[in-house]
Amino acid sequence: MSLADHSANPDMLPYPYVLSDLPGPRSAELLARQARRESNARTYPRRLPLAIADASGSFLRDLDGNTFIDFLTGAGVLSLGHNHPELVRAVTGQLARLTHGLDFPTPAKDAFTEAQLSMLPPGLRDRMKIHFCGPTGGDAVDAAIKLCKTATGRGDVIAFQGGFHGSGHAAMALSGLVRQKQPIRNGVPGIHFFPYSYCTRCPLGLVPETCGTNCAGYLEQSLHDKNGGIPLPAAVILEMVQGEGGVIPARKEFVQRVRALTRELDIPLVVDEVQTGCGRTGTWFAFEQYDIEPDVIVASKALSGIGLPVAIIMYDRRLDVWAPGAHIGTFRGNQLAFAAGAEAVRIMRRDDVLANVRERGEQIADRLAMLPKIPWVREVRGLGLMWGVELADPLDGSPATELAHEVQAAALRRGLIIELGGRDDCVVRILPPLNVTADVVDTACSILVDAIDERCLVAA
Ligand code: PMP
């Protein structure tokens with residue numbers, strides 16, 4: 001198996017190695033220049049204060065020579081790690097032939113399309129068409145909703161609390177994060193938020209014994225109610241695992257009831273697989289594990305495997321109502337991303353990377369299983385190679401935001417890059433490359449557990 005190692009960069013140390021203060025002097029210089037010149041909206045370098053020199057496999061090196069395990073992986077885009085040598089070869093081979101092709105057919109695009117459709121379950125595969133959108137996940141979400149509105153002639157959309165679908169006007173409007181929307185007037189109208197099955201903080205205040213998946217029941221009742229206030233919507237958009245929302249895998253019964261309801265009322269179900277797609281959860285798409293078939297699938301992030309931007313929607317042929325040119329965009333023909341993406345799928349099949357996702361996922365579950373014994377750890381949860389540790393005040397259950405920031409900083413000092421998410425950023429998240437080795441997972445889990453131990457001890 002060609003695992004995420006150092007083959008692209010033999011001089012990089014095969015373990016994390018942090019010698020300087022963070023940021024080191026050379027990183028600090030670039031960070032300061034960046035702060036002077038770039039938007040105040042910049043995010044990651046505020047909490048992960050480093051300037052990147054180079055990277056390879058699961059590892060990343062800063063300008064001061066510190067080497068980190070990278071379990072942020074470009075927010076989940078680097079499914080085969082940094083600079084996978086075979087993907088680099090595919091990209092450089094394509095580079096001299098053609099880089100940009102609008103929406104003209106090319107051999108690279110044809111192979112990519114074939115690879116994407118081949119990942120769908122049989123049956124669904126034959127019913128789906130594909131549309132290439134602008135290159136981000138948010139662009140694809142926007143396209144999916146626009147398509148459903150066109151196809152149904154309706155205007156309202158159902159989204160879920162805690163969900164995240166992007167930062168543009170429409171995708172942001174569909175997302176739960178109130179703080180982001182609050183300063184912006186005249187947002188996209190007609191979006192209604194319903195509770196998601198976030199059982200550890202049940203939005204309906206129920207406990208497991210009395211649950212009855214009432215979050216799904218509430219949606220059913222609202223859409224059936226002639227006085228429910230919501231016209232029949234154009235779409236329901238749902239994440240199988242809320243990633244930015246704090247790594248919350250939906251309950252199977254919740255998803256199945258949403259699917260049954262949307263079928264009954266003939267509402268297209270849009271599944272946002274921007275983060276969960278391309279094998280992240282141990283199957284090609286997360287919806288497979290819920291035994292449902294969506295009407296529209298949104299995918300982006302890891303499609304190229306190497307971080308080159310590309311986004312698609314795949315949708316049931318009955319929704320193929322757009323007139324020619326109804327949804328255009330310049331950057332829909334990234335041949336480098338297509339070449340890498342087709343190669344990434346080939347490598348994943350050859351190396352049975354999905355099995356690695358499942359095995360490494362179990363390894364992480366085992367390694368982190370003792371964490372809930374710590375009073376500040378509310379829950380450890382995940383699917384495949386998407387994991388989160390939710391931190392909360394043991395006295396009143398409030399999100400332990402400051403503690404999560406401290407854990408992130410403590411992990412970084414030990415050589416592990418991790419992300420935060422969830423309500424008030426109280427969930428420590430990891431998104432390893434899908435071909436990560438058992439050794440790297442082991443080292444990373446030790447660092448994470450030590451960081452949580454250390455900071456929780458201080459907080460106690
Ligand atoms: N949907 C989901 C589920 C996501 O996780 C994200 C990004 N984190 C997006 C959409 C938006 O993707 P992008 O940032 O590429 O617009």
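Start by colouring the chain by domain: domain 1 covers 1-68, domain 2 covers 88-350 and domain 3 covers 353-460. Keep in mind that this is a predicted model.

**Stop 1: domain 1 against domain 3**

Show domain 1 and domain 3 together. Their centres, taken over C-alpha atoms, are 20 Å apart. How many residues does each domain bring to the contact? Domain 1 gives 17 residues, and domain 3 gives 20 residues. Between them, the two domains bury about 1400 Å². Of that area, 70% is on carbon and sulfur atoms.

Next, look for polar links. Three residue pairs are in polar contact across the interface of domain 1 and domain 3. Now colour the secondary structure of domain 1. Which elements supply at least two residues each to the side that touches domain 3? They are helix 2 (44-47), strand 2 (59-62) and strand 3 (67-70). Colour this side of domain 1 by residue class: you should find 13 nonpolar residues, three polar ones and one charged one.

**Stop 2: Arg47**

Stay at the interface. The count of salt bridges between domain 1 and domain 3 is two. Select Arg47 and Asp425. Their side chains meet in a salt bridge, 3.2 Å from N to O. Now add Glu419. Its side chain also forms a salt bridge with Arg47, at 3.0 Å from N to O. Where do these two partners sit in the chain? Glu419 is in strand 16 (residues 419-421), while Arg47 is in helix 2. The two residues are 372 residues apart, so this pair links distant parts of the chain. Side chains of opposite charge can pair when their charged atoms come close. Across the whole structure, there are 28 salt bridges.

**Stop 3: the ligand**

Select the ligand, then show the residues around it. Among them are Thr136, Gly137, Gly138, Phe164, His165 and Gly166. Further along the chain, Glu239, Glu244, Asp272, Val274, Gln275 and Lys301 also surround the ligand.

Zoom in on the backbone. A backbone N or O atom of Gly137 is 2.9 Å from a ligand oxygen atom. For Gly138, a backbone N or O atom lies 2.8 Å from an oxygen atom of the ligand. Then move to Phe164. One of its polar backbone atoms is 3.4 Å from a nitrogen atom of the ligand.

**Stop 4: two backbone details**

Most residues other than glycine have a negative phi, and most peptide bonds are trans. Here are two exceptions to find.

Go to Leu22 and Pro23. Is the peptide bond between them cis or trans? The bond is cis, with omega near -5°. Pro23 sits in the segment before helix 1 (25-37).

Finish at Thr73, in helix 3 (residues 73-76). Its phi is near 45°, a positive value in a residue other than glycine.

Conventions. Residues are numbered from 1 along each chain as its sequence is written. This is a predicted model: local features need pLDDT of at least 70, side-chain atom pairs count only at pLDDT 80 or more; totals for chains, interfaces and linings use all residues. Side-chain values use heavy atoms; hydrogens and water are left out. Domain bounds come from an automatic or database domain assignment. Contact means heavy atoms within 4.5 Å. Buried area is the accessible area (1.4 Å probe) that two parts lose on being put together, summed over both. A salt bridge is a side-chain nitrogen of Lys or Arg within 4 Å of a carboxyl oxygen of Asp or Glu. A polar contact is a pair of N or O atoms within 3.5 Å; within protein, one must be able to donate a hydrogen and the other to accept it, and residues adjacent in sequence count only if both atoms are side-chain atoms. Helices (H or I, at least four residues) and strands (E, at least two) are DSSP runs, numbered from the N terminus. Ala, Val, Leu, Ile, Met, Phe, Trp, Tyr, Cys and Pro count as nonpolar, Asp, Glu, Lys and Arg as charged, and the others, Gly among them, as polar. A residue is near a molecule or strand if one of its heavy atoms lies within 4 Å of it.
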